[in-house]
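Q: Please take a close look at one part of this model, and describe how it is placed among its surroundings. A connected account would be preferred to a list.

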Amino acid sequence: MSRTLSDIRSFLKSENLDALLVLTKTNRQYLSGFTGSSGTLVISRHSAALFVDGRYTLRAKKES
């Protein structure tokens, strides 16, 4: 997965973009490992953050 994040960050830099917003479950799961049905992943040039509601907090910490 770190290679994929590296590729995304390189793409963001080359296209002069600040971040990538990942909304679909399949892509979010592939990139973060989180298998919950709801959440948002934000990947920037320097960090990544997974946002979930209270139902998934423990699961998100365990899986991603």
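A: Helices (DSSP runs of H or I, at least four residues) and strands (DSSP runs of E, at least two residues) are numbered from the N terminus. With that convention, Arg28 is placed in helix α2, and this residue is the part examined here. The structure is a predicted model, in which local features need pLDDT of at least 70 and side-chain atom pairs count only at pLDDT 80 or more, while totals for chains, interfaces and linings use all residues. Residues are numbered from 1 along each chain as its sequence is written, and side-chain values use heavy atoms, with hydrogens and water left out.

Is Arg28 buried or exposed? Arg28 is buried, where buried means under 20% relative accessible area, exposed means over 50%, and partly exposed covers the range in between (1.4 Å probe, protein chains only). Arg28 nevertheless has no salt bridge, that is, no side-chain nitrogen of Lys or Arg within 4 Å of a carboxyl oxygen of Asp or Glu. For charge, Lys and Arg count as positive and Asp and Glu as negative, whereas His and the chain ends are not counted. On this basis the nearest side chain of opposite charge to Arg28 is that of Glu63, 8.5 Å away. The Arg28 side chain does reach the backbone oxygen of Leu23, at 3.2 Å.

The surroundings of Arg28 can be described through its contacts, meaning heavy atoms within 4.5 Å. When residues up to four places away in sequence are not counted, Arg28 touches Val22, Leu23, Gly33, Phe34, Gly36, Ser37, Ser38, Gly39, Thr40, Leu41 and Leu50. Three directions lead outward from here: to an aromatic pair, to a nonpolar core and to the salt bridges.

Phe34, one of the residues touched by Arg28, leads to the aromatic pair. The structure holds 1 such pair, where rings of Phe, Tyr and Trp (its six-membered ring) pair if their centres lie within 6.5 Å, with planes under 30 degrees apart counted as stacked, over 60 as edge-to-face and the rest as tilted. Phe34 and Tyr56 are its members; their arrangement is edge-to-face, at 5.7 Å centre to centre and 85 degrees between the planes. Phe34 belongs to the loop between α2 (25-32) and β2 (40-44), and Tyr56 to the loop between β3 (48-51) and α3 (57-63), so the pair ties together parts that are 22 residues apart in sequence. Phe34 counts as buried because its relative accessibility is 0%, and Tyr56 likewise counts as buried, at 11%.

Leu41, also touched by Arg28, leads to the core. Apart from residues up to four places away in sequence, Leu41 touches Leu20, Leu21, Val22, Arg28, Leu31, Ser32, Ala49 and Leu50. A nonpolar core is a set of buried Ala, Val, Leu, Ile, Met, Phe, Trp, Tyr and Cys residues joined through side-chain atoms within 4.5 Å. The largest one has 7 residues, namely Leu5, Ile8, Leu12, Val22, Leu31, Leu41 and Ile43. At least two of its residues come from each of α1 (2-14) and β2, and α1 gives the most, with 3 residues. Leu12 lies in helix α1 and is buried, its relative accessible area being 2%. Beyond its neighbours within four places in sequence, Leu12 is in contact with Leu17, Asp18, Ala19, Leu20, Ile43, Ser44 and Arg45.

Glu63, the nearest side chain of opposite charge to Arg28, leads to the salt bridges. Glu63 forms one with Arg59, the closest N and O atoms being 3.5 Å apart. Both lie in helix α3, 4 residues apart, so about one helical turn separates them. Glu63 is partly exposed, with a relative accessible area of 30%, and Arg59 is partly exposed, at 36%. In total the count comes to 3 salt bridges. Another joins the side chains of Asp7 and Arg3 at 3.3 Å, N to O; these two residues lie in helix α1, 4 residues apart, about one turn of the helix. Here Asp7 counts as partly exposed, at 37% relative accessibility, and Arg3 as exposed, at 59%. The side chains of Asp53 and Arg55 also meet in a salt bridge, at 2.7 Å, N to O. Asp53 is partly exposed, at 31% relative accessibility, while Arg55 is exposed, at 61%.

Conventions:
Polar contact = N/O pair within 3.5 Å; in protein donor to acceptor, adjacent residues only side chain to side chain.
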